[in-house]
Structures are given as structure tokens and as C-alpha cells.
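Student: I'm new to this one. Could you take me through a single part of it up close, the way you'd explain it at a desk?

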Amino acid sequence: MTSNSTTLPDTDSLRARARESLLGCGARLPAQGGDVIARTPLTGDTLFTLPATSEEQADAAIGAADAAFRQWRTVPAPQRGALVKRLGELLTEHKEQLADLVTIEAGKIRSEALGEVQEMIDICEFAVGLSRQLYGRTMASERPGHRLSENWHPLGVVGVISAFNFPVAVWSWNTAIALVCGDTVVWKPSELTPLTALACDALLARAAADTGAPDGVHRLLLGARETGERLVDDERVALVSATGSVRMGREVAPRVAARFGRCLLELGGNNAAIVTPSADLDLAVRGIVFSAAGTAGQRCTSLRRLIVHEDVADQLVEKIVHAYGQLPLGDPFDGATLVGPLISASAHRGMAEALKAAEADGGKVLTGGERKLAEQAPEAVYVRPAVVRMPAQTDIVRRETFAPILYVLTYRTLEEAVALQNGVPQGLSSSIFTQDQREAERFLAADGSDCGIANVNIGTSGAEIGGAFGGEKETGGGRESGSDAWKAYMRRATNTVNYSDSLPLAQGVNFL
């Protein structure tokens, strides 16, 4: 088994590195002291304490965004794209510094942190192209001398509530698209990742100044739940795009609906991969291990359930357990490390409780689950990713545990496998490993996977920005990023123009 990366960075060096990265991005730390704790999971220690946004400040921020929207919506979309283009340039220029902050605050290994910033750059490029493609349509009118068409118009203020595990990418998905659509944005990041938010806000403010965008196109709110609630309840916020737990979504959706606002929800995932007898097992192992152990199992698309045909289950599980034993655990700034820390002690408690419940249900932990490096960083949580062989899909398997636990189930028929895949409340991501085209097509068919994302011969993680991202059932039904997800950020208007000298009514109605 590969040994742990045994030297962790100290808190003072991380604090200095965070400050340097912030300054490099043009961000200034607010006065020290307050309820927002900037903490690093690498050591478990506090880096800075920051003041939360007050109720009055939040009201003013939303008001500024609302006022800016009145001007921004009249700017031609290609000109709005210039702001996002400049943001993409600044993100490219400051990629290393932003990646530092992502690693320091979210604990991501270096390649994943850099990849997240690259995702921001990619969505900016996508949005710039989109700024010239916000197409409506023209339909045939049943009335002579009439033209029937649809236009898309800016919606209003977009409130973005993001989670710790993708502290900057999800913000960029929403913000880049919203800005080219003519909306303004108010962002409430996770209280666990305020530093990355300060850096992004500073870069966008610079891009706005460089391109002459109106003051107020973007505002940042720091704080905990009550800060996000201000976005949820304020009638000036036309769309609330919220990423988080199912519990959060159950509270956000009815409150926004009560004021006839719009919601875009990206909630929990309990993702599964099916491995058939025809699968390339070596390829499957690579996809499975990254999806299950990458980001220490803290992605919404992390692989949590492995559904393997009984003929190849023992062989595949042996390969996976061996691969898990080779995963270097430790300092995420070390290029050799593949598994960094969990975000908090509460995440570790959830993992430990889930493993205990799985064993009570007859499961067997084949590898992982033990805590490491506690002697170096008692307040940090580094845990070996776990593989658990389960006799059935029990309640604990059907619940999402936001930690690196991979439950292994077996099946006999593809119908049984798909039923297991779909037999959970969540519906985000799914995959199948097979070399049988019929199996692949059946998995992608209407009676196959019920998830918003369904992959063949890749894992459940690693979505590209060109496709719409989101899921069904308790995942919330929202779509972000590519494809036609932009429509969520705009309002549709159906237009009828009569260019004749008569006034025929639709459906042959006669009146006067």
C-alpha cells in the first residue's frame, strides 16, 4: 500500500499563501473579526474571521443589483459578452492564485483545483459565444398578414447560493450565463469558502470596470443561512439558483414559489454505475476510482453505488480494492496526492455513522474508513476512502453520505440493475460500463436510467460545460451550464404582428 503524504503544511504558511493569492486577485480582506470563519480543512484551523453581511447591507446589495439591471438589460447582448470575455481573461491570468484558494478552503488536490478554475474559463468562453446566439423563433401564423414569433428577454436579479465543494465553478456557471442574458447577480457563497468568493468578486469587479459595465451588476453577500434567506425571500430577486442539500431545497423552493419567483435547484446525488459482464474492467476501474474517491467523495456527482454483474463482481472488486490501496492521501498541494481531507469533522462523523449502519445491515467493509494523519493535524480529517460490499440496497445505501464510501451491490439481469440504479430518491448522475451496444442503448432509453446525466463507459463525475448539468427527482430538476440552460435566466415573450389591413381573430372567432 502506498504510504500517506506525511508532511502537511502549517497554518501560518497557508494563511500567508491565502493572503498573497487574495491580494494577487485584487481582493482585500475585510477588517478582522466577525461571524464568518475562513477555515482550512488542510489543518482544521482558522485562517481569518470576517464580518457577515448585515441585513441592511444585503438589502442595499440587492437594491444595487436591481437598479443596475434596469440599465444592463438594455445593453446589446454581444456587448454584455465583452464583460464575460474580460472575466475569462482575468481568470486565466490568475488561475494559479484562484486554484491556491480552492485548495486551501475546499481541500481539493492541485489538479482538481486547477481543473475547477479551468471550468470557469471554459464557461466564460461558452457564454461569450452564447451572447450572439440567444435565439428566438418564428412560427407560422394561422391568420393571413400576421407574423408569430418568440423573443427572449433578460429576467432580473439572479440570486446564486453555492456550496463548498465547487466554491467557484458553480458560481461561474450561473454568473457567466446570467450576465450575457442581461441579468445581474447577487452571490451568497458557502460560509465555508468566503476567501474564494472575495477573489472572484474582485476579478469580476475589475472586469466590469475595464468594460464599462454598470456598478451593481454583481454583489457579494457573506454569511450563513440567514444571509441566503434574504435572497430567497426578496421579491426583487427573480431567480434563485441554489446548490446544496435536499433539505435546503425543500425549504428554498416553497418560499420562492410563495412569492412567484423562480427556482433553479441542484441538490443531492446518490449516483450509481452499472458494470456488465462485457465491460472492459480495467477501463471501469479507472472510471470508478476517480468518481468514487476523487475530491474525497465530496462531489454531488461522486459515485456512491456500484452495481456489478455477479459473474464479474469478485474480479472487479479485487481490482478496485487494490487501486484504493495505491491512492496517496495527504497534502493536496503535493502533486503526488490523490485524496485530500474531508471538509470538516461533521463530514467524518457522517461517514463513520454510515459505515456503522452498513455493517449493521450485513455489509462488509473491504477497505478504508480509517482516519489518518491525526497526529500532525488533530483538527483536520484525512480518511481512507472506503469500499463496502452490501447484500442489498438498504436504507443507508439509499441515503446520500457526502464522503468517500462506495457501496457494492450485485445483479443478475440488466432490468434488475436498472431498477437498483433508479431505486433511490436522487436522480443526478449515472453510468454503465459495457461493450454491448444493446445494453448501452437500453440504459439510455426512456425506461433506462432516470437521472439527468447518463454516461456510457465513463464514470459519474467530470461533466463538460457544453452539456446541461442537473438531475431529476430529489436532485431538484434544475439545469445549469451548457446546452439551452440559458433559458432559465431569461423570460419568453410571444409576439404577434399584424401587417395587414384587416383583423381576423384566431380560431375563426367572429366579434364585431
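**A closer look at some charged pairs**

Tutor: Let's start with R255 and D233, whose side chains meet in a salt bridge at 2.5 Å from N to O. R255 sits in helix α9 (residues 246-258) and D233 in helix α8, so their contact ties together parts that are 22 residues apart in sequence. This pair also has company: salt bridges with shared partners join R225, E229, D233, R247, E251 and R255 into one network. Keep in mind that we're looking at a predicted model. As for surroundings, R255 is partly exposed, with a relative accessible area of 30%, and D233 is partly exposed too, at 40%.

Why can such pairs form? Side chains of opposite charge can pair when their charged atoms come close.

Now look beyond the network, since the structure holds 28 salt bridges. One of them is between D59 and R236, with the closest N and O atoms 2.7 Å apart. D59 belongs to helix α2 (residues 55-72), while R236 is in the loop between α8 (225-233) and β8 (237-243), so this pair ties together parts that are 177 residues apart in sequence. D59 is partly exposed, at 43% relative accessible area, and R236 counts as partly exposed at 28%.

Another salt bridge brings the side chains of E150 and R492 together, at 3.3 Å from N to O. Here the link is between distant parts of the chain: E150 is in strand β4 (residues 146-154) and R492 in strand β23 (residues 490-498), 342 residues apart. E150 is buried, with a relative accessible area of 13%, whereas R492 counts as partly exposed at 48%.

Technical notes. Residues are numbered from 1 along each chain as its sequence is written. This is a predicted model: local features need pLDDT of at least 70, side-chain atom pairs count only at pLDDT 80 or more; totals for chains, interfaces and linings use all residues. Side-chain values use heavy atoms; hydrogens and water are left out. A salt bridge is a side-chain nitrogen of Lys or Arg within 4 Å of a carboxyl oxygen of Asp or Glu. Helices (H or I, at least four residues) and strands (E, at least two) are DSSP runs, numbered from the N terminus. Buried means under 20% relative accessible area, exposed over 50%, partly exposed in between (1.4 Å probe, protein chains only).
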